[in-house]
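Student: I would like to work through one sheet and one residue of this protein with you, step by step. Could we begin with the strands?

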Amino acid sequence: MEESKPRKRLAAVLVAVAVLLGAGAVLIGASTRAPDAVATASIAAANTGASVNVPAAEPVSERPVPVTASDARNLRTCSVSALAADPRLADFQAQVVNASTGEVLFDRGGDTSSRTASVLKVLTSAAALEVLGPDYRATTTVVTGSTPGSVVLVGGGDLTLTRLPTGTESVYPGAAHVDELARQTLDAWRANPANPPITSLVLDASFFGGPGWEPSWDELERNAGSMPDVTALQVDGDRDDPSRQSSSRATPVPCPT
């Protein structure tokens, strides 16, 4: 039992030495590590009472939030397919195209040839706007004739000129009146003392070329009052009753030029 004590002391000494060596290694590592600049400055400032200039953290921007949240709802979708199939449309044909992309949005008989009917007015209007421009105005003018005392009424395609007296509106609101045109003509004629009295009035409807009525057109359209002959000089759209939208149109009588 006596012999074991020195061995225990030796073991205790070795453990103590190992602990001291380990602690020394930790201290050595701490002394060889690069000093932290912020920590060193903080310690120095604390010792001297000076202020510490620590870099401020960058602000974190908040995520934008709408003022009012919209209620969830289904996206609206629509289609004209069901309406286009309505039998009351008879031989309905149509094609809808996205003008920007050329995508065909709807097509029913778009490649089938057929009569244009009233749709022709859309094509005619588009052509007129393209060629003549949106500021073009069809005018009716009065000029001096080739013989003394004659004046010529020259049609320029204005079908709204009305024979109703000034102050009375026809089916075309704001249309020019024949009586007002006559008054202006007389005033201008009398302003020149050299002019003889007006003895004749010549009508000139030659501004438009070609026939005024296509033979394949149904005469019912003219008799029922849907459309007149195509001529450059007429009043009230050739209506028998200028105050009615649908009124019979006259059979054309050739006008001298």
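Student: In what order do the three strands of the open sheet stand?

Tutor: Please keep in mind that this is a predicted model. The pairing in this open sheet is mixed, and on average its neighbouring strands are turned by 25° against each other, with direction ignored. The order of the three strands is β3-β4-β5.

Student: Which strands stand at the edges of the sheet?

Tutor: An edge strand here has a single partner strand, so one of its sides is left without a neighbour in the sheet. That holds for the strand at 141-144 and for the strand at 200-204, which are β3 and β5.

Student: In which sense do β3 and β4 run, parallel or antiparallel?

Tutor: In general, strands of a sheet pair through backbone hydrogen bonds, in either a parallel or an antiparallel sense. Here four bridges join β3 to β4, which covers residues 150-154, and T144 stands opposite V151 in β4. The hairpin of these strands has five residues between them, and G149 takes a positive phi near 80° there. The sense in which β3 and β4 run is antiparallel.

Student: What handedness does the unit of β4, α5 and β5 have?

Tutor: β4 and β5 pair in the parallel sense over five bridges, and S150 has S200 in β5 as its bridge partner. Helix α5, residues 178-190, belongs with these two strands to a β-α-β unit, and that unit is right-handed.

Student: Why is β4 described as largely enclosed by the rest of the structure?

Tutor: A residue counts as buried when its relative accessible area is under 20%. β4 has five residues, and it is largely enclosed because the number of them that are buried is four.

Student: With the side chain of which residue does the side chain of D236 make a polar contact?

Tutor: D236 lies in the segment after α6 (219-223), and its relative accessibility of 1% means that it counts as buried. Leaving aside residues up to four places away in sequence, D236 touches several others, including L159, L161, S170, Y172 and P242. The polar contact, at 2.9 Å, joins the side chain of D236 to that of R163.

Conventions
Residues numbered from 1 in each chain as written. Predicted model: local features only at pLDDT ≥ 70, side-chain atom pairs only at ≥ 80, totals over all residues. Heavy atoms only, no water. Buried < 20%, exposed > 50% of the residue type's maximum accessible area, 1.4 Å probe, protein only. Polar contact = N/O pair within 3.5 Å; in protein donor to acceptor, adjacent residues only side chain to side chain. Contact = heavy atoms within 4.5 Å. Pairing = 2+ DSSP bridges. Axes fitted to C-alpha atoms, helices over the stretch in contact; angles between N-to-C directions. Right-handed = clockwise from strand over helix to strand, strands pointing away.
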